[in-house]
Each structure stands twice: as C-alpha cells, then as structure tokens.
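Let's work through a few exercises together, one step at a time. Keep the picture in view as you go.

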Amino acid sequence: MLKKETNQNGNGNEMVETGQLVMKIAGRDSGEIGIIVDIIDDKFVLIDGNVRRKKCNIKHLEFLNKIIKIKKKATTEEIKKELESLGI
C-alpha cells in the first residue's frame, strides 16, 4: 500500500506518494529526475534516482504525473532499474 499525504508546494495542493516521479528544481541536482522513496514529514521526502539519494524539501521538487510501484525505502539499484524500464 502506498503512503499518501497532502502537502502544500507553491503549485497548490500536491499529493505526495511513495513511488512518485519528481524533478528536482533547486540545488546541485536541478533538472534531474528522481523517485520519492519515503515521506519523512509534511515538508521533506527521501528521493533517489538520477539524483543523489537524500532528504529533500518538497518545495524544491516538481511533481510529475507518473507513480511507480516500489516498496518504501527501496534500494538505489531497484530505483535505477525502474527508471531504466521507463526509458529515463
């Protein structure tokens, strides 16, 4: 079961879910695609993928319209494999 929480992110209400595809819009990994691996609290999530695995403020993310079925706290290898299967 995917964990769902609602959060405020500059773009209006966003639904934050484990497995959601995101684009980093701030910082060193800006413009890179990642996946939400875990929801830490109402302001921070753990992301991984084409970005460094790290805690990220949801205000620094653009939420994409794709959700991938992954387990909570999936490994970097599992995340990379899912992104490759999507052609990302």
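Two strands pair if DSSP finds at least two bridges between them. With that in hand, note that this is a predicted model, and let's begin.

**Exercise 1.** Trace how strands β3, β4, β5 and β6 are paired, and find the hairpins.

*Solution.*
- Step 1: Start with β3 (residues 20–24), which runs antiparallel to β4 over three bridges. Here Leu21 has Ile35 of β4 as its bridge partner.
- Step 2: Move on to β5 (residues 44–49), which pairs with β4 in the antiparallel sense over five bridges. One partner pair to look for is Ile39 with Val45 of β5. Four residues lie between β4 and β5, and the two strands form a hairpin.
- Step 3: Go on to β6 (residues 54–57), joined to β5 in the antiparallel sense by four bridges. Val45 turns up again, with Cys56 in β6 as its bridge partner. A hairpin of four residues links β5 to β6.

**Exercise 2.** Is strand β4 mostly covered or mostly uncovered, and which elements give two or more residues to the largest nonpolar core?

*Solution.*
- Step 1: Count along β4 (residues 33–39): seven of its seven residues are buried, so the strand is mostly covered.
- Step 2: List the members of the largest nonpolar core, which has 11 residues, among them Val22, Ile36, Ile39, Val45 and Phe63. The elements giving two or more residues to this core are β4, β5 and β7 (61–67).
- Step 3: Look apart from this core for another one, of 10 residues, including Leu21, Leu46, Ile68 and Ile79.
- Step 4: As background, nonpolar side chains tend to be buried together in soluble globular proteins.

**Exercise 3.** Which residue forms a salt bridge with Arg52, and what does the pair tie together?

*Solution.*
- Step 1: The partner is Asp29, with the closest N and O atoms 3.2 Å apart.
- Step 2: Place both residues. Arg52 sits in the loop between β5 and β6, and Asp29 in the loop between β3 and β4, so the pair ties together parts that are 23 residues apart in sequence.
- Step 3: Compare the accessibilities with the cut-off: buried means under 20% relative accessible area. Asp29, at 10%, therefore counts as buried, while Arg52, at 36%, counts as partly exposed.

**Exercise 4.** Which residue forms a salt bridge with Arg53?

*Solution.*
- Step 1: The partner is Asp48, with the closest N and O atoms 2.9 Å apart.
- Step 2: Asp48 is buried at 2% relative accessibility, and Arg53 is partly exposed at 35%.

Methods
Residues numbered from 1 in each chain as written. Predicted model: local features only at pLDDT ≥ 70, side-chain atom pairs only at ≥ 80, totals over all residues. Heavy atoms only, no water. Buried < 20%, exposed > 50% of the residue type's maximum accessible area, 1.4 Å probe, protein only. Core = buried A, V, L, I, M, F, W, Y, C linked by side-chain atoms within 4.5 Å. Salt bridge = Lys/Arg side-chain N within 4 Å of Asp/Glu carboxyl O.
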